[in-house]
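Me: Please give me a close look at one helix here. I would like to know how it sits in its chain, and then to see what else is worth a glance.

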Amino acid sequence: MAVAAPSVEGPEFAEKVRRADEITRRLQESNWDFDAVPELFTRAATCDVVAKEIVTIHDGRAQTLLGRLVMNGIGEEFQLNSPSSALNITLPGRPEVFKEINDQLGSRGLEDFEEFQGVKDIQQVVFYDFTNFYQARDLAFWSALYDCGLSPSGFEEFSRHLAAGKVVTSMRFRPSRPSLDSRPVYVQGFTGKRFPTPVVEWIPKPLFGGIAPDTLHLETLLTLDPTDLAHPFLPLVAEGAVELDGRRYYMRRFAGTSAKAAVRGPGVGPEKASDQ
Amino acid sequence: MNSHHRRGLSGSSGVDSGPRPFDLHVRGEVPTAFDGSLVVSTSRRAKDRSVFRRWHDSSTDLLRLDLFPGRPGRITAHILEVDPWAPELTLDLGLIPETGYRQGFRAPMPYPTQPNHGLNVANDLLWATNLLFGSPLEVELSTWKPRRILQFVQPDKEAPGVSTTSHFAWSPDRRHTYFHQSLLKPQPKPRPVVATDLRLIELDVANGDQRAWQIVPPPGDEAMESANFHSGFCFEARGKRYVGLLRTGAIIPSLTVHAGTNDHAVPRMPPSTIWLVEIDQASASLQAQLLPGVEQIDGLALSHLDVDISRRDGFILYANFKESPVGEETHGRNIYGEEPSVVAEHYPGMILEPLNYGAVIRYEWRNGDWSMRTFKRPYQPGRTSLGHTWLPINLQLEPGNQRLFATFSGFRPRLVSQHIAAAYPERSVEPTAVTFVPSLLMRFDARTLEPDYDPNGGHLSYAEPVAMAVAGDRTESFVCTFSPEAGLHIYRADDLNHVVCQAESPMLMHWGDDYFRPEPAHAEFVPR
């Protein structure tokens with residue numbers, strides 16, 4: 001999502017907070033129907049992950065996810081939401097991990113995709129302002145405060161995760177050269193997270209952001225024990241062993257194009273208020 | 001049944017897959033209402049989108065989740081990989097005394113059984129069925145072993161296919177179950193496949209007795225190209241027993257999958273009807289009658305149901321129209337003119353995609369008098385609390401029959417084939433006016449067939465898997481949804497915002513390296 005972070009402080013910011021709270025209360029009092037808060041609807045195509053390289057390290061008790069995310073967006077500042085375990089710890093990104101693994105495999109990572117060759121002029125970004133939303137109203141409030149809008153179906157999707165006891169983790173990023181017209185800019189950032197779980201938990205399909213309906217997807221699973229576990233959608237492209245941080249891991253790599261959720265037809269706009 | 005060899009790698013991290021039992025990671029509490037097993041029919045799809053295969057033909061993995069209540073409790077998965085040729089079950093052919101028809105048949109095509117859809121359970125037995133093709137597979141639940149194939153018609157070269165009701169009818173005492181079975185006979189092109197030798201089968205689940213009747217089509221609905229029946233129900237009135245069969249009306253262009261994925265002319269489905277037959281043990285054939293008022297709804301693909309037969313003077317039927325040409329595969333260019341190769345959502349194989357939003361009906365019949373309510377609703381993003389009826393799948397009454405739970409698969413517009421939509425111009429949605437519609441679990445007031453509104457949204461949950469089961473009693477009940485990808489979620493039936501249990505395992509999601517298990521349609525809870 002493109003965001004418009006408050007550019008004021010002091011009493012003026014307090015007023016923005018009151019306004020966002022009023023929108024949130026109006027939404028809640030209207031059975032969470034967005035028709036009561038038309039200003040909260042997302043307005044246009046804004047931001048999507050177009051390619052991602054994920055390293056999933058599972059040690060039998062916890063899972064560490066390291067991500068290289070390539071996104072395109074129209075706007076000056078953006079935000080990504082993702083469901084996470086309530087025990088999730090956000091880690092700094094580790095760009096060197098991708099190089100270390102790819103060097104051992106004789107791979108160039110995402111650059112191995114022919115389709116990725118056309119992605120030029122990628123700006124490096126850092127992720128910041130990591131925030132957790134614990135209730136649906138937190139998500140609505142933040143979206144109202146940062147004027148980034150929500151789609152009702154996306155809101156319902158995150159509400160289901162929240163009902164199951166997950167949190168929604170938000171992070172922001174800003175390219176140094178923003179998109180000032182309808183042409184999206186490409187950016188790349190690195191991120192990480194870790195949470196306890198005895199089983200591998202694949203990342204759910206991301207929601208369509210209005211620009212890229214699918215994702216070039218490279219996923220590398222590292223385990224301490226041998227495994228024949230496979231990614232649910234991506235074909236296996238390599239298998240073996242790698243060393244990372246002084247440990248030897250069994251490795252399975254999956255690659256392909258993965259679909260996003262909530263994709264609409266080409267030329268069809270985002271969800272909007274009902275015709276009155 | 002399948003002797004496919006897997007790499008039997010061991011590991012302590014719970015990350016190995018395979019047909020041996022494995023535990024799910026459980027968070028929360030398995031409630032005592034779910035003390036038993038959840039049976040699910042899953043199928044396999046190739047990850048390679050250039051491999052085209054219909055949903056019907058997709059290999060079956062039957063899944064039994066054994067739930068042990070507690071905090072967090074325990075859930076163990078058992079997978080039965082089904083071989084559609086079932087050689088060990090078709091070699092020893094039995095005879096059905098009443099008909100003289102042989103039970104087993106092994107044909108080069110189509111397969112005898114591919115039970116990747118319907119689940120029918122009594123005592124310790126499961127009868128799993130396809131959406132349309134083949135015969136039910138009988139599986140012993142406790143041993144999780146297949147026992148036999150229920151085939152009551154005799155395929156031959158002229159009519160090599162078999163069609164069976166996916167969801168059986170049950171007598172009020174659940175002693176007898178009823179389903180339709182017929183042969184499928186290809187016709188010279190371009191005519192679609194026709195049904196022949198329509199039979200109604202009765203199975204006594206207490207002693208295994210079985211018999212079959214010929215079904216005589218009702219006057220005015222004799223077209224055999226649409227004579228297929230996805231679900232049935234049974235009721236008693238004035239001391240007589242009746243079976244209702246939902247005549248879905250799928251038109252099957254060919255018994256085999258299309259040779260290519262090209263666009264082609266699509267024969268139109270007729271509106272669905274319900275055939276009603278009175279059980280007469282003294283007769284060899286049963287004359288069907290049309291249940292009045294159903295055809296006039298003008299809905300497509302009447303398919304799933306639940307029924308309230310707590311009174312012995314008729315029934316209240318809850319059923320849904322999918323508004324989808326269910327005999328067609330989603331293939332070819334979509335309604336936006338995109339080729340399948342550029343649509344990543346378009347995994348290989350048939351998926352049901354509706355032409356427009358469907359409907360749920362409540363049909364009450366008391367000693368010949370009837371009344372009907374219809375609930376039909378588009379998706380309004382600005383008013384999600386209203387729910388919708390896009391591609392209805394499951395219907396299940398809560399114990400006590402006061403509330404009805406339903407799942408709706410939603411709508412993925414890029415999966416609607418251009419040539420299929422072109423066959424139904426008056427029904428098909430306008431491509432530029434429709435957006436994605438999320439799936440939905442919704443609770444209804446069973447008397448009014450209106451959503452059972454809760455201001456906090458506790459009457460619905462979006463983005464849910466469509467496979468669903470309700471468990472409990474009149475004092476407390478729960479509803480669960482399941483898919484390999486999303487796992488199991490158990491909710492309090494009173495509040496669909498309140499998850500009490502969530503369980504998952506990556507081993508549910510894939511088969512080997514090349515296949516995955518997409519979202520199944522149905523789940524059946526079997527109390528311990």
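**A helix and its surroundings**

Reply: To set the scene, chain B has 2 helices and 35 strands (DSSP runs numbered from the N terminus: H or I of at least four residues for helices, E of at least two for strands). This is a predicted model, in which local features need pLDDT of at least 70 and side-chain atom pairs count only at pLDDT 80 or more, while totals for chains, interfaces and linings use all residues. Residues are numbered from 1 along each chain as its sequence is written, with chains lettered from A and ligands numbered from 1 in the order in which they are written.

The helix I suggest is α1 of chain A, residues 11–29. Its 19 residues should span 27 Å at 1.5 Å a residue, and this agrees with the 27 Å between its end C-alpha atoms (the expected span is 1.5 Å times one less than the number of residues).

Which residues of α1(A) are buried? They are Ala20(A), Thr24(A) and Leu27(A), where buried means 20 or more other C-beta atoms within 10 Å of a residue's own, exposed means 12 or fewer, and partly exposed lies in between, with C-beta atoms placed from the backbone. These buried residues are on the same side of α1(A), because they cover an arc of only 60° around the axis (taken from the directions from the helix axis to the C-beta atoms). An α-helix has 3.6 residues a turn, so residues three or four places apart point the same way. The other side of α1(A) carries the exposed residues Pro11(A), Glu12(A), Ala14(A), Glu15(A), Arg18(A), Glu22(A) and Glu29(A). Just after the helix, Asn31(A) has a positive phi of about 60°.

What covers the buried residues of α1(A)? The cover includes α3 of chain A, judged by contact, that is, C-beta atoms placed from the backbone and lying within 7 Å. In turn, α3(A) lies across β6 and β7 of chain A and runs at about 145° to β6(A) (axes are lines fitted to C-alpha atoms, for helices over the stretch in contact, and angles run from 0 to 180 degrees between N-to-C directions).

That leads us to the sheet. It is open, with 3 antiparallel strands of chain A in the order β3-β7-β6 (strands pair if DSSP finds at least two bridges between them). β3 (78–84) and β6 (128–133) of chain A are at the edges with a single partner strand each, so one side of each has no neighbour in the sheet. On average, neighbouring strands are turned by 20° against each other, direction ignored. β3(A) pairs with β7(A), residues 167–173, over 7 bridges in the antiparallel sense; among the pairs, Leu80(A) has Met171(A) as its bridge partner in β7(A).

Further along, Asp147(A) is in the loop between α3 (136–145) and α4 of chain A. Asp147(A) has a positive phi near 50° although it is not glycine, and it is partly exposed because 17 other C-beta atoms lie within 10 Å.

The helix that follows this loop brings us to chain B. In total, 51 residues of chain A are in contact with 49 residues of chain B. On the chain A side, the elements giving two or more residues are α4 (152–163), β9 (214–223) and β11 (247–259), and α4(A) gives the most, with 6. That side divides into 25 nonpolar, 13 polar and 13 charged residues (nonpolar: Ala, Val, Leu, Ile, Met, Phe, Trp, Tyr, Cys and Pro; charged: Asp, Glu, Lys and Arg; polar: the others, Gly among them).

Elsewhere in chain A, Phe190(A) belongs to strand β8 (residues 185–196). Phe190(A) counts as buried because 21 other C-beta atoms lie within 10 Å. Leaving out residues up to four places away in sequence, Phe190(A) touches Gly67(A), Arg68(A), Gly93(A), Arg94(A) and Pro95(A). From our helix, Leu27(A) is 163 residues away from Phe190(A) in sequence and 35 Å away in space, C-alpha to C-alpha.

Finally, chain B has some backbone details to look at. Its 528 residues are 55% buried. The peptide bond from Arg71(B) to Pro72(B) is cis, with omega near 5°, and Pro72(B) is in the loop between β5 (60–68) and β6 (74–82) of chain B. Lys189(B) and Pro190(B) are also joined by a cis peptide bond, with omega about 15°; Pro190(B) lies in the loop between β13 (176–185) and β14 (194–204) of chain B. In strand β14 of chain B we find Asp197(B), whose phi is positive, near 55°.

Note on methods. Contact = placed C-beta atoms within 7 Å.
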